[in-house]
There are 2 protein chains.
Amino acid sequence: MSEDIDVILARTGLENKLIDEITTIGRLKKVKAGQIVVSPESPGNEMPIVLSGLLKVLRQDPNGQEVFLYYLEGGETCAMSITCCIEGKKSSFKVLAEEDSTIWMIPMGDMDKWITKYPSFRRFVFSSYQMRFDELLTTIDSVVFHKMDERLYKYLLDTKQATGSFEIHKTHEQIANELSTSRVVISRLLKQLEKEDKIEQGRNKIEIL
Amino acid sequence: MSEDIDVILARTGLENKLIDEITTIGRLKKVKAGQIVVSPESPGNEMPIVLSGLLKVLRQDPNGQEVFLYYLEGGETCAMSITCCIEGKKSSFKVLAEEDSTIWMIPMGDMDKWITKYPSFRRFVFSSYQMRFDELLTTIDSVVFHKMDERLYKYLLDTKQATGSFEIHKTHEQIANELSTSRVVISRLLKQLEKEDKIEQGRNKIEIL
DNA sequence: AAGCCTATGTCACAATTGTTACATGATCGA
DNA sequence: TCGATCATGTAACAATTGTGACATAGGCTT
């Protein structure tokens with residue numbers, strides 16, 4: 001397994017010496033689909049790098065409502081975890097496994113050292129920030145400028161992209177939760193997308209055409 | 001003027017040696033209210049630190065629609081400009097002066113050096129990221145979880161907070177643009193807030209009670 | 001004072017989304 | 001196979017937001 005980690009980390013553009021340190025210092029974490037990786041309760045003083053599988057990041061409302069923000073794929077990290085840990089503040093979001101996943105957890109204590117020591121690590125961290133900012137802004141776009149039908153379709157396309165599969169195995173209820181609306185609305189709009197020949201539906205299954 | 005800069009920068013928690021460098025290397029920029037500081041067109045390879053006045057950050061839709069994201073007050077910087085410049089990507093947002101403001105512009109070329117050299121600069125940068133992430137998430141909250149009346153009231157309170165004044169001098173039309181809705185909707189809701197004794201209105205003026 | 005421009009108030013109506021309720025169909029375990 | 005549970009379809013209606021049209025009123029210019 002340890003070679004796999006090397007291989008995946010190599011794709012992130014990090015320099016070899018740093019990869020050695022990371023593999024030595026970090027620890028492997030395996031999570032099952034649906035399991036929580038970071039939550040507002042868990043302080044989490046580790047920075048996660050996704051090795052395999054798929055994580056998703058959600059925003060949580062005090063009342064328990066949620067909205068989907070973005071997916072984290074292999075080689076990516078959760079920029080918000082970084083600042084969150086450096087600042088020691090409570091995280092205002094939740095990361096959970098969309099699929100069975102393996103994650104490399106790096107203790108935050110070494111972050112500062114690596115930032116000063118490795119240019120490639122600085123690039124990695126700042127590039128993560130850039131990507132997440134962009135995703136949040138895209139989320140704002142879709143919520144502010146677009147109606148629910150377009151938000152839904154974007155969500156389906158994002159999911160297709162992240163999972164690499166044309167088939168999405170989720171219930172209307174689950175999708176409604178991620179878009180923070182009601183099941184009936186999603187059923188209605190999916191029916192509409194079906195009529196427009198953009199998708200096909202089965203039980204627990206949506207196929208994107 | 002140069003001492004003023006020192007004084008303001010000192011409040012950011014940056015160490016003295018770095019402040020010396022910043023004041024030597026940067027340049028002063030004065031902007032009038034309404035003027036654009038950063039736009040998708042201007043590549044902008046400088047990092048702005050607000051010395052006095054008030055800036056606001058907006059998200060722009062390809063069609064020209066806008067949404068207000070947050071204010072930047074004295075001592076603060078625009079985290080998105082940083083990544084934007086490091087990555088050399090086009091910025092997908094717009095910064096403009098809400099009031100007449102003075103800004104200290106620092107060339108990006110020195111960023112990397114300062115990050116490695118000054119712990120206080122790392123703290124400053126990461127803390128900026130944290131703050132902006134939080135603001136974007138709060139924006140998402142208000143757009144996803146709340147209705148327009150609450151969004152409007154939050155906007156008024158934010159503006160009161162940022163300007164330090166109970167009086168807001170904006171037209172209903174301007175507010176509608178910042179919340180990306182129509183003037184009629186804002187007039188309707190302001191009337192409602194007036195009935196609830198949360199505000200008082202005059203021409204070009206809203207007073208928060 | 002007359003005319004003009006801008007800001008605001010208000011109405012009527014359309015479109016979108018939210019909510020409740022109930023029907024139908026699939027799947028699974030006893 | 002029966003019943004229970006879950007996923008989806010659909011109808012009816014409420015609430016919120018968007019849109020166009022027009023009235024009123026303040027302030028500015030000439």
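## A hairpin to start with

How many residues sit between E9(A) and E10(A) in their hairpin? There are two residues between these strands, and one residue in the turn, Asn204(A), has a positive phi of about 60°. Keep in mind as you look around that this is a predicted model.

Now for the ladder that holds the hairpin's arms side by side. Strand E9 covers residues 199-202 of chain A, and four bridges join E9(A) to E10(A) in an antiparallel arrangement. If you want one rung to look for, take Gly202(A), whose bridge partner in E10(A) is Lys205(A). E10(A), residues 205-208, also pairs with strand E8 of chain A, residues 167-168. That pairing is antiparallel too, and it has two bridges. Here the rung to look for joins Glu167(A) to its partner in E10(A), Glu207(A).

## A four-stranded sheet in chain A

Elsewhere in chain A you'll find an open sheet made of four strands. Reading across it, the order is E2-E6-E4-E5, with antiparallel pairing. At the edges are strand E2 (36-38) and strand E5 (66-72) of chain A, each of which pairs on one side only. Going from one strand to the next, the twist averages 35°.

Let's zoom in on one pair. Strand E4 of chain A, residues 55-60, runs antiparallel to E5(A), and six bridges link them. Leu58(A), for instance, has Phe68(A) as its bridge partner in E5(A). A handy bit of background: in a regular strand, side chains alternate between the two faces of the sheet.

This sheet also has a visitor from the other chain. Helix H5 of chain B (residues 119-145) lies across E4, E5 and strand E6 (93-97) of chain A. The helix runs at about 70° to E4(A).

## Where the two chains meet

The contact between the chains takes 30 residues from chain A and 30 residues from chain B. On the chain A side, helix H3 (79-87), helix H4 (111-117) and helix H5 (119-145) each supply at least two residues. H5(A) makes the largest contribution to that side, with 15 residues. Sorted by class, the side of chain A that touches chain B has 14 nonpolar, eight polar and eight charged residues.

How are the two chains related? A turn of 180°, with a shift of 0.0 Å along the axis, lays chain A on chain B with an RMSD of 0.0 Å. That is why we can speak of a two-fold axis here. Within chain A, the residue that comes closest to the rotation axis is Thr116(A), at 2.2 Å computed from its C-alpha. The same surface serves both copies, as 100% of the contact residues of chain A recur in chain B.

## Around the DNA

There are two DNA strands to explore, and both chains take part in each case. Start with DNA strand D, which has 20 residues around it. The ones that come nearest are Thr171(A), Lys147(B), Met148(B), Thr181(B) and Val184(B). Four helices each supply at least two residues of this surface: H7 (172-178) and H8 (183-195) of chain A, and H6 (148-163) and H8 (183-195) of chain B. H8(A) gives the most, six residues. By class, this surface near strand D has five nonpolar, seven polar and eight charged residues.

Next, DNA strand C, with 19 residues around it. Here Lys147(A), Met148(A), Thr181(A), Thr171(B) and His172(B) come nearest. The helices that each supply at least two residues are H6 (148-163) and H8 of chain A, along with H7 (172-178) and H8 of chain B. The most comes from H8(B), which gives five residues. The surface near strand C has five nonpolar, seven polar and seven charged residues.

## A serine with an unusual angle

Here's a backbone detail to hunt for. Ser180(A) is in the loop between H7 and H8 of chain A. Its phi is near 55°, a positive value in a residue other than glycine. Is Ser180(A) exposed or only partly exposed? Ser180(A) has 18 C-beta neighbours inside 10 Å, so this serine counts as partly exposed.

Chain B has its own version. Ser180(B) is found in the loop between H7 and H8 of chain B, and its phi, near 60°, is positive as well. Ser180(B) also counts as partly exposed because 18 C-beta neighbours lie inside 10 Å.

Definitions and conventions. Residues numbered from 1 in each chain as written. Chains lettered and ligands numbered in written order. Predicted model: local features only at pLDDT ≥ 70, side-chain atom pairs only at ≥ 80, totals over all residues. Near = placed C-beta within 6 Å. Nonpolar A, V, L, I, M, F, W, Y, C, P; charged D, E, K, R; others polar. Contact = placed C-beta atoms within 7 Å. Pairing = 2+ DSSP bridges. Least-squares fit on C-alpha atoms with pLDDT ≥ 70 in both. Axes fitted to C-alpha atoms, helices over the stretch in contact; angles between N-to-C directions. Buried ≥ 20, exposed ≤ 12 C-beta atoms within 10 Å, placed from the backbone.
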